[in-house]
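The report below goes through one structural model, part by part, for a reader who has the sequence and the coordinates at hand. Terms are explained where they first come up.

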Amino acid sequence: LQPVLENIEYLKKHGIWLELTTLIIPGENDSREELSSIAEWISNLDPGIPWHISRFFPYYKMMDKQPTPPDKLIEAYNIGKENGLKYVYLGNYPSDKENTYCPNCGTLLIKRQFYHTTIVDLDIEKGECKKCGEKISGVWFL
């Protein structure tokens, strides 16, 4: 784990855009303590780093595990928000928690549904919320 954390810190220090993903596997890394530790570490590095929380499904050598329960995904999402993360997303689970909302005013900025993305109230040229002007973390281009 330490080399991964060091590389994430290196990328951030050198201004390289990054987003982090955690695959939540029941019985492996789904405790409240571990999820809180991950969210706190990301938030301390930069609360604007997006955290993608992905639902696990049994496959190949992990057929003995159950899929991640939806309530565990919601718990992880809430833990991320409680730790100050501005952009937390659920993956492999369709919900409104895969969209991007303004961390200041809550306006829907980017709507995602499966692999379809729609820019709603994000000024791409300025990288900010059209409603309140909040700067939105990301790499924006037309």
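In which loop does D121 lie? D121 lies in the loop between β6 (116-119) and β7 (122-123), where strands (E, at least two residues) and helices (H or I, at least four residues) are DSSP runs numbered from the N terminus. This is a predicted model, in which local features need pLDDT of at least 70 and side-chain atom pairs count only at pLDDT 80 or more, while totals for chains, interfaces and linings use all residues. Residues are numbered from 1 along each chain as its sequence is written, and side-chain values use heavy atoms, with hydrogens and water left out.

**Single residues**

D121 counts as buried because its relative accessibility is 19%; buried means under 20% relative accessible area, exposed means over 50%, and partly exposed is in between, with a 1.4 Å probe and protein chains only. When residues up to four places away in sequence are not counted, D121 touches T107, L108, L109, E128, C129, K130 and K131, a contact being heavy atoms within 4.5 Å.

The table sets D121 beside three other residues for which a relative accessibility is available.

| Residue | Place | Relative accessibility |
|---|---|---|
| D121 | loop between β6 and β7 | 19%, buried |
| S54 | strand β2 | 14%, buried |
| L85 | loop between α3 and β3 | 2%, buried |
| Y60 | loop between β2 and α3 | 65%, exposed |

Two residues have a backbone angle to note. Y60 has a phi near 55 degrees, a positive value in a residue other than glycine, and N92, in the loop between β3 and β4, has a positive phi of about 60 degrees although it is not a glycine.

**Helix α2**

Helix α2 comprises residues 32-45, and at 1.5 Å a residue its 14 residues should span 20 Å, which agrees with the 20 Å between its end C-alpha atoms; the expected span is 1.5 Å times one less than the number of residues. The buried residues of α2 are L35, A39, I42 and S43. They cover an arc of only 100 degrees around the axis, which puts them on the same side of α2, the arc being that of the directions from the helix axis to the C-beta atoms. The face turned away from this buried side carries the exposed residues E33 and N44. What covers the buried residues of α2 includes β1 (20-24), β2 (51-55) and α3 (70-82).

**The two sheets**

Strands of a sheet pair through backbone hydrogen bonds, either parallel or antiparallel. One open sheet is formed by three strands in the order β1-β2-β3, with parallel pairing; two strands pair if DSSP finds at least two bridges between them. Its edge strands are β1 and β3 (88-91), each of which pairs on one side only. Four bridges join β2 to β3, and the bridge partner of S54 in β3 is G91. G91 is also among the residues that S54 touches, together with T21, T22, L23, I24, L73 and N92, not counting residues up to four places away in sequence.

Another open sheet is formed by three strands in the order β4-β5-β6, and here the pairing is antiparallel. β4 (100-101) and β6 stand at its edges with a single partner strand each, so one side of each is left without a neighbour in the sheet. Four bridges join β5 (residues 108-113) to β6, and in β6 the bridge partner of Q113 is H116.

**Nonpolar cores**

A nonpolar core is a set of buried Ala, Val, Leu, Ile, Met, Phe, Trp, Tyr and Cys residues joined through side-chain atoms within 4.5 Å. The largest one has 17 residues, and those with the most contacts inside it are L20, I42, W51, I53, L85 and V88. The elements giving two or more residues to this core are β1, α2, β2, α3 and β3, and α3 contributes the largest share, four residues. Apart from it lies another core, of nine residues, among them Y87, Y89, C102 and C129.

Which residues is L85 in contact with, leaving aside its neighbours within four places in sequence? L85 is in contact with A39, I42, S43, P47, I49, W51 and G80. The C-alpha atoms of L85 and K12, which are 73 residues apart along the chain, are separated by 15 Å.
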